[in-house]
Amino acid sequence: GIKAGDIREVELAHAGGGVHYAQPFRVGPAPQANGIFSYQYTTVSALLRGRLKIRDFDAEAVTAPEILETIAKSKLVIDPALAGGAGMGSFRLRVTTKDGQVYEKVQNDNPSYKYPTREEILAKFWDQVDAHQSVSRAKAQKILDMIDRIEDVKQMKEYTQLLMP
């Protein structure tokens, strides 16, 4: 429930290293790619929106005024103390509000190193289907049904036909 106007500063600390995601966020000719490859953008977007979905990488979402306003109040810092354990997978997020409240969260492992559950995979699948609507929900459900019985599928052409608009 935090709003861009309530924030004084956002600090995202990481262990360091040559990761391209840790570069300061800048909007270039491909805002979607700029957002995808930025810890700063993904952190601020999730903080303000309460989620991170595929539509949050559309050019309009990446360049939304409240996002850019908050990114301007954010900084990336290196904290070698976060290097223990998962290395680059360790982060600390600290948000300071204009009224002086400080919220802090440390993540000692990166969820991308954990295999997602079926429910998480399905949620991402449906997010993609709903965001782009290039395949109907009915076709998408058929794709899922085929995946569940992949050993019975005789030709992969069946899949590709379902992916066509």
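Lys and Arg count as positive here and Asp and Glu as negative, with His and the chain ends not counted. I place each charge at NZ of Lys, CZ of Arg, CG of Asp or CD of Glu.

**Entry 1: charges and ground rules**

I tallied 22 positive and 21 negative side chains in the protein, and the centres of the two sets lie 2 Å apart. Note to self: this is a predicted model, where local features need pLDDT of at least 70 and side-chain atom pairs count only at pLDDT 80 or more, while totals for chains, interfaces and linings use all residues. I number residues from 1 along each chain as its sequence is written, and side-chain values use heavy atoms, with hydrogens and water left out.

**Entry 2: overall layout**

I looked up the secondary structure and found seven helices and four strands. Helices (H or I, at least four residues) and strands (E, at least two) are DSSP runs, numbered from the N terminus. Starting at the N terminus, I read the order as β-α-α-α-α-β-β-β-α-α-α. The radius of gyration is 19 Å, well over the 15 Å from the globule rule for 165 residues, so the protein is more spread out than a compact globule. That radius is taken over C-alpha atoms, and the rule is 2.2 Å times the number of residues to the power 0.38. I also noted that the C-alpha trace spans about 60 × 35 × 30 Å along its principal axes.

**Entry 3: surface and contacts**

The exposed area of the protein is about 10,300 Å², and 56% of it comes from carbon and sulfur atoms. Areas come from the Shrake-Rupley method with a 1.4 Å probe; for residues, only the protein chains shown count as cover. I then checked burial: 36% of the 165 residues count as buried. Buried means under 20% relative accessible area, exposed over 50%, and partly exposed in between (1.4 Å probe, protein chains only). Of the contacts between residues at least 6 apart in sequence, 55% join residues at least 24 apart. A contact means heavy atoms within 4.5 Å.

**Entry 4: the nonpolar cores**

I went looking for nonpolar cores, meaning sets of buried Ala, Val, Leu, Ile, Met, Phe, Trp, Tyr and Cys residues joined through side-chain atoms within 4.5 Å. The largest has 15 residues, and Ile7, Tyr41, Leu48, Ile67 and Ile71 have the most contacts inside it. At least two residues of this core come from each of β1 (7-14), α2 (39-49), α3 (59-62) and α4 (65-72). Helix α2 gives the most, with three residues. I found a second, separate core of 10 residues, with Trp126, Ala140, Ile143 and Tyr159 among them. In soluble globular proteins, nonpolar side chains tend to be buried together.

I followed Ile7 outward, leaving aside neighbours within four places in sequence, and its contacts include Leu47, Leu48, Thr70 and Val95.

**Entry 5: helix α2**

Eight of the 11 residues of α2 are buried, so this helix is largely enclosed by the rest of the structure. I listed the buried ones as Tyr39, Gln40, Tyr41, Thr42, Thr43, Val44, Ser45 and Leu48. Their cover includes β1, α1, α3, α4, β2 (74-78) and β3 (91-97).

**Entry 6: two buried helix residues**

Pro31 is found in helix α1 (residues 31-36) and is buried at 13% relative accessible area. Beyond neighbours within four places in sequence, I see Pro31 in contact with Ala59, Val62 and Thr63. Pro31 and Ala59 are 28 residues apart in sequence, with 5.3 Å between their C-alpha atoms.

Asp127 lies in helix α5 (residues 118-132) and is buried too, at 17% relative accessible area. With neighbours within four places in sequence set aside, Asp127 is in contact with Lys53 and Ile54. I also got 8.6 Å from C-alpha to C-alpha between Asp127 and Arg55, which are 72 residues apart in sequence.

**Entry 7: Glu9, Asp99 and Gln133**

Glu9 is in strand β1 and counts as partly exposed, at 29% relative accessibility. Leaving out neighbours within four places in sequence, I have Glu9 in contact with Lys73, Lys75, Arg94, Val95 and Thr96.

Asp99 lies in the loop between β3 and β4 (102-107) and is exposed, at 59% relative accessibility. I get 36 Å between the C-alpha atoms of Asp99 and Asp127, 28 residues apart along the chain.

Gln133 is in the loop between α5 and α6 (137-148) and is exposed, with a relative accessible area of 64%. I flagged its phi, near 50 degrees, as a positive value in a residue other than glycine. Most residues other than glycine have a negative phi.
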